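Trainee: I'd like to take a close look at a single part of this protein, the open sheet. Could you walk me through how the strands are put together and what sits around them?

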Amino acid sequence: MLAKWIPTLSARVTLSLWALALWITPALGSELKVRVRLGDGQITEEVLEADSERDSITLEFKQGDGTLITFVADFKQDVKIFRALILGELERGENQYQALCFVTRLNHNEIIPSESMARLRQKNPRTVRAAEERRPTEELGMNVAVNLTRAWQISAHIHNTCSVAREAVYTRQADVHHWLDAGAEASMFEVLPRATELPGLPRCGTARDLWQPCSCSYALRLEWYPCLLKYCRGREGGGGRGAPYKCGIKSCSKGYNFTYYTPHKQLCLWEEES
């Protein structure tokens, strides 16, 4: 959809603006659907929703194997949430799906503000997008379990997003220290065993017994998301330079690899497959 209003620009800036995949418009909107090519070559549709009132952004898409990935950025509490709904294999005794939730702190400038996200429009909705910048995979040791019933102290979004994960909500000890300093109750957190504390703890991919405790890893990648705002300058009379205004976004791709303790290899069968 084209913007209804575009400031007067020089010819060079105008051409640059039209080359952008998406840009900022005055009209407010809450949902944006973007076609994205995944790492395995398949095409998926990302749905990005912005809630300016709650100051949050939700990004959701399906991976090629059917796994539903949900990412929530809570700007009010500086918290980000990753949820994976992994389809199970019934013939192997698995449930219909397995849910995982990972909660950590949201750093500044990781993603554009919710107000800017709500204003995004794209010219060609059928175009398959590719991120301008591919950021390296972040390794995250999730060594603390979060009690879902008290998680509202961290973010009001955790319960709704992670309720299906039940006892599989994880965070990092470094983040726990920050939240405790901010007034969160210590009873909300349970420190999980580490590999250094259990010398015999294997990786789940090498464990032989399905009911053996092991160290599990789960990797995901956000293939496309607006990470930075772009600014243009309008024209002023007399050769002066106009004030900058938001005219587009920079897109990024970023991977995450979460490692955590699990009491049974049965809960981490994807490592066996990889």
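**A walk across the open sheet**

Mentor: Let's start wide and then zoom in. Buried residues make up 47% of the 274 residues in the chain. Keep in mind that this is a predicted model. You'll find 5 helices and 15 strands in the chain. Take the contacts with a separation of 6 or more: 66% of them are between residues 24 or more positions apart.

Now for the sheet itself. It is an open one made of 10 strands, and if you walk across it you meet them in the order β9-β2-β3-β4-β5-β6-β7-β12-β11-β13. The pairing is mixed. At the edges sit β9 (128-129) and β13 (189-191), each of which pairs on one side only. One helix to look for here is α4 (residues 173-181), which packs on the sheet and touches β6, β7, β11 (144-146), β12 and β13. Compare the direction of α4 with that of β7 and you get an angle of about 60°.

Let's begin the walk at the β9 edge. Strand β2 (residues 31-37) runs parallel to β9, and 2 bridges join the two. To see the pairing on screen, find Val-36 and look across to its bridge partner in β9, Arg-129. While you're in this area, have a look at Asn-124, which belongs to the loop between β8 (120-122) and β9. With a relative accessibility of 39%, Asn-124 counts as partly exposed. Asn-124 and Val-34 are 90 residues apart along the chain, yet their C-alpha atoms are separated by 9.6 Å.

Next, move along to β4 and β5. Strand β4 (residues 56-62) pairs with β5 in the antiparallel sense, over 7 bridges. Ser-56 is a handy marker, as it stands opposite Asp-74 in β5. The hairpin of β4 and β5 has 5 residues between the strands, and there Gly-66 takes a positive phi near 95°.

How buried is β5? Of its 7 residues, 6 are buried, so the strand is largely enclosed by the rest of the structure. As you look along any of these strands, here's a handy rule: in a regular strand the side chains alternate between the two faces of the sheet.

From β5 you step to β6, again with antiparallel pairing over 7 bridges. Here Ala-73 stands opposite Lys-80 in β6. These two strands form a hairpin too, with 4 residues between them. Stop at the turn for a moment and find Asp-78, in the loop between β5 (68-74) and β6. The phi of Asp-78 is near 55°, a positive value in a residue other than glycine. That's worth a second glance, because most residues other than glycine have a negative phi. Asp-78 counts as partly exposed, because its relative accessibility is 30%.

On to β6 and β7. Strand β6 (residues 79-87) is joined to β7 by 9 bridges, and the two run antiparallel. Look at Leu-87 to find one of the links: its bridge partner in β7 is Tyr-97. Strand β7 (residues 97-105) has 7 of its 9 residues buried, so this strand too is largely enclosed by the rest of the structure.

On the other side of β7 comes β12 in the order of the sheet. The direction of pairing changes here: β7 and strand β12 (residues 169-171) run parallel, with 2 bridges joining them. Phe-102 is the residue to pick out, with Tyr-170 as its bridge partner in β12. Before you leave β12, glance at the loop between α3 (157-162) and β12, where Arg-166 lies. Arg-166 has a positive phi of about 55° although it is not a glycine. Its relative accessible area is 65%, so Arg-166 is exposed. Put Asp-78 beside it and you have a partly exposed residue and an exposed one, each with a positive phi.

To finish the walk, carry on from β12 through β11 to β13, the edge strand at residues 189-191. You've now gone from β9 to β13, the two edge strands. If you want to retrace your steps, follow the bridges: Val-36 to Arg-129, Leu-87 to Tyr-97, and Phe-102 to Tyr-170.

Terms used. Residues are numbered from 1 along each chain as its sequence is written. This is a predicted model: local features need pLDDT of at least 70, side-chain atom pairs count only at pLDDT 80 or more; totals for chains, interfaces and linings use all residues. Side-chain values use heavy atoms; hydrogens and water are left out. Buried means under 20% relative accessible area, exposed over 50%, partly exposed in between (1.4 Å probe, protein chains only). Two strands pair if DSSP finds at least two bridges between them. Contact means heavy atoms within 4.5 Å. Axes are lines fitted to C-alpha atoms, for helices over the stretch in contact, and angles run from 0 to 180 degrees between N-to-C directions.
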